[in-house]
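Work through the exercises below with the structure in view. Each task is followed by a solution in steps.

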Amino acid sequence: MAEKPPYDPTLATATLRFRTRLHGTPPKMRPIKFDADPECGKQHSTAVPEETIVSRDGLLANAVVFVSRGAERWAYPVPTEPVVLDQRGCMFVPHVFTVMAGQPVHIRNSDPVCHQVHGIPKENREFDECLMKGARPFETRFEKAELGILIKCDIHGWMRSFAGVFGHPFHAVTDGDGSAVLRLPPGEYEVAVWHEYGKFEKPSPRTVEVADGGTAELEFVFRVP
């Protein structure tokens, strides 16, 4: 098999903008019961809802958008800069993140309590690490592409985060406005979207062509059954 040509993603000249929407009324997110650990409760003066569905004005946050076909034509350098997953206020921050296969992930504990960080992938190596207050960050790497890896705290059951791992750098997580942006080499791609809530009617992948120096826009709509 011929070796793939290398590509530096910082040289990408095309822009793809995403918007993820939610059609219908989603289940109401319950407030997290921090009283299971008084030290966690002290860090929140107001109620904090669960983060499974974060939607405002029909816009859906925490959806992973990514190139599902078309990026395999090149080889990419693996970033050495770590992605940071923090534990702050007895919550994982961010709730959803993406990373390239082989890229370091640093898991921190900024809380005054101990957390038992448990990563439960299906294709990658499982980890289960105790992070005490003030401990040095725990470093891990996911060596294989995998979507929706659950990372949880075995002490505080409400603490959950999800990771998307890709063999290329063209992936992002939508923000509170349901928006995300990818910079791509010019060409035709299939792009897809993932969200942790499995009961939504998920939109199908879309095909899009982006031109050199141009901008394309795509909208994905999840539907409440």
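**Exercise 1.** In this predicted model, find the loop that holds Pro 94, and state which peptide bond there is cis.

Solution.
- Step 1: Look between β6 (92-93) and β7; Pro 94 sits in the loop that links these two strands.
- Step 2: Check the bond between Val 93 and Pro 94. This peptide bond is cis, with an omega of about 5°.
- Step 3: Compare with the general rule: most peptide bonds are trans, and most residues other than glycine have a negative phi.

**Exercise 2.** Where is Asn 62, and what is the sign of its phi?

Solution.
- Step 1: Go to the loop between β3 (59-60) and β4 (64-69), where Asn 62 is placed.
- Step 2: Read its phi, which is about 65° and therefore positive, although Asn 62 is not a glycine.

**Exercise 3.** Give the strand order of the open sheet of five strands, and name its edge strands.

Solution.
- Step 1: Write the order as β7-β13-β12-β9-β10; the pairing is mixed.
- Step 2: Pick out the strands that pair on one side only. These edge strands are β7 (96-100) and β10.
- Step 3: Take the angle between neighbouring strands of this sheet: ignoring direction, they are turned by 25° against each other on average.
- Step 4: Examine the β7 edge. Five bridges join β7 to β13 (residues 160-166), and the two run parallel. Met 100 stands opposite Phe 166 of β13.
- Step 5: Examine the β10 edge. Strand β9 (residues 115-120) and strand β10 (residues 127-131) run antiparallel and are joined by five bridges. His 115 has Leu 131 in β10 as its bridge partner.
- Step 6: Trace the connection from β9 to β10, which is a hairpin of six residues.

**Exercise 4.** Which strands stand at the edges of the open sheet of four strands, and why is one side of each left without a neighbour?

Solution.
- Step 1: List the order, β14-β4-β16-β17, with antiparallel pairing.
- Step 2: Count partners at the ends. β14 (171-173) and β17 (206-210) each have a single partner strand, so each has one side without a neighbour in the sheet.
- Step 3: Note the turn between neighbouring strands here, 35° on average with direction ignored.
- Step 4: Follow the pairing of β16 (residues 187-194) with β17: they run antiparallel and five bridges join them. Among the residues involved, Val 191 has Arg 206 in β17 as its bridge partner.

**Exercise 5.** Describe the largest pocket by its space, its lining and the domains that contribute to the lining.

Solution.
- Step 1: State the space, which is about 170 Å³.
- Step 2: Count the lining residues. There are 13, and Glu 50, Glu 51, Thr 52, Trp 158 and Arg 160 lie nearest the centre of the pocket.
- Step 3: Sort the lining by type: six residues are nonpolar, two are polar and five are charged.
- Step 4: Assign the lining to domains. Domain 1 (11-70 + 171-224) and domain 2 (77-167) each supply at least three residues.

**Exercise 6.** How many helices and strands does the protein chain have, and what does the globule rule give for its 225 residues?

Solution.
- Step 1: Count the elements: one helix and 18 strands.
- Step 2: Compare the radius of gyration, 19 Å, with the globule rule. The rule gives 17 Å for 225 residues and the two values are close, so the chain is as compact as a globular protein of that length.
- Step 3: Add the span of the C-alpha trace along its principal axes, about 55 × 40 × 30 Å.

Conventions: Residues are numbered from 1 along each chain as its sequence is written. This is a predicted model: local features need pLDDT of at least 70, side-chain atom pairs count only at pLDDT 80 or more; totals for chains, interfaces and linings use all residues. Side-chain values use heavy atoms; hydrogens and water are left out. On a 1 Å grid over the protein atoms alone, a cavity is a set of points where a 1.4 Å probe fits but cannot get out, and a pocket is an open set with protein on both sides within 12 Å along at least five of seven lines; lining residues have an atom within 4 Å of a point. Grid points are joined across faces, edges and corners, and a volume is the space filled by probe spheres set on the points. Ala, Val, Leu, Ile, Met, Phe, Trp, Tyr, Cys and Pro count as nonpolar, Asp, Glu, Lys and Arg as charged, and the others, Gly among them, as polar. Domain bounds come from an automatic or database domain assignment. Two strands pair if DSSP finds at least two bridges between them. Axes are lines fitted to C-alpha atoms, for helices over the stretch in contact, and angles run from 0 to 180 degrees between N-to-C directions. The radius of gyration is taken over C-alpha atoms; the globule rule is 2.2 Å times the number of residues to the power 0.38.
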